[in-house]
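Work through the three exercises below with the sequence and the coordinates at hand, and try each task before reading its solution.

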Amino acid sequence: MDSDPLIWQIALLLIGAYLLGSVPSAYLAGRWLKGIDVRQYGTGNVGGSNVYHSVSRWAIVPVAIFDIGKAAFTAWLALYILDWGPGVAMAAGICVSIGHAWSIFLGFNGGRGLSCIAGTLLVVFPWGALFLIILVLLGVLLKNTVSTTIALLLLPLISVALGEPVAITWGCLAFILFTALKRLEGN
């Protein structure tokens, strides 16, 4: 039985992406900076916004950089170094987001993955990342989280309107599904 080595290489990349995504920077920031488990404070979410409110305002910067960076790195690796195309790059970013949301190191608990989504989009769909970031910041300024949902829902339409590869559109749809599952889990 002869199997395609590329399939195995892609599978290893996706498993590695999940494991990298599972590194809980917000949890580590809480432990290292304040000696707390952020899951026991604020929203209980293992993400940047809970670090901002429960640990330290400045700590959101390294947490966000790491969370955006871990997704951007895996997407960049797949797209530009390994040259496996936007579909694999999006899949790698999705796996990082899944690891972030359901970390193996935290008993399958984690953050919402929005920073990881932004990191993936920065590499594979920069206009989508810009749109998402602008709407998220607008939501923060207006104290309205609906703008994030609107941004995520519009991303597939924007990708089609801009003529992006179909893999980008499907990836954006997967991010919507991922986010919906994470929200339902929280409820």
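A residue counts as buried when its relative accessible area is under 20%, and as exposed when it is over 50%. The model used here is a predicted one.

**Exercise 1.** Decide whether Gly-99 is buried or exposed, and describe its surroundings.

Solution. Begin with the secondary structure, where Gly-99 falls within helix H5, which spans residues 85-101. Next take the relative accessible area of Gly-99, which is 0%, and because this is under 20%, the residue is buried. Then set aside the neighbours within four places in sequence, and Gly-99 is found in contact with Tyr-18, Gly-21 and Ser-22. Finally, compare Gly-99 with Asn-109, which is 10 residues away in sequence, while the C-alpha to C-alpha distance is 9.1 Å.

**Exercise 2.** Characterise the largest cavity by volume, lining and residue class.

Solution. The volume comes to about 60 Å³. Its lining consists of Arg-112, Leu-114, Thr-148, Leu-152, Thr-179, Lys-182 and Arg-183, and the elements that contribute two or more residues to it are H8 and H9. Of these, H9 gives the most, with 3 residues. Sorted by class, the lining has 2 nonpolar, 2 polar and 3 charged residues.

**Exercise 3.** Find the volume of the second largest cavity and the classes of the residues that line it.

Solution. The second largest cavity holds about 30 Å³ of space. Among the residues lining it are Gly-21, Ser-22, His-100 and Asn-109. By class, the lining divides into 4 nonpolar, 6 polar and 1 charged.

Key. Residues numbered from 1 in each chain as written. Predicted model: local features only at pLDDT ≥ 70, side-chain atom pairs only at ≥ 80, totals over all residues. Heavy atoms only, no water. Helix = DSSP H or I, 4+ residues; strand = E, 2+ residues; numbered from the N terminus. Buried < 20%, exposed > 50% of the residue type's maximum accessible area, 1.4 Å probe, protein only. Contact = heavy atoms within 4.5 Å. 1 Å grid on protein atoms, 1.4 Å probe; cavity = no way out; pocket = protein on both sides within 12 Å on 5 of 7 lines; lining within 4 Å. Points joined across faces, edges and corners; volume = space filled by probe spheres on them. Nonpolar A, V, L, I, M, F, W, Y, C, P; charged D, E, K, R; others polar.
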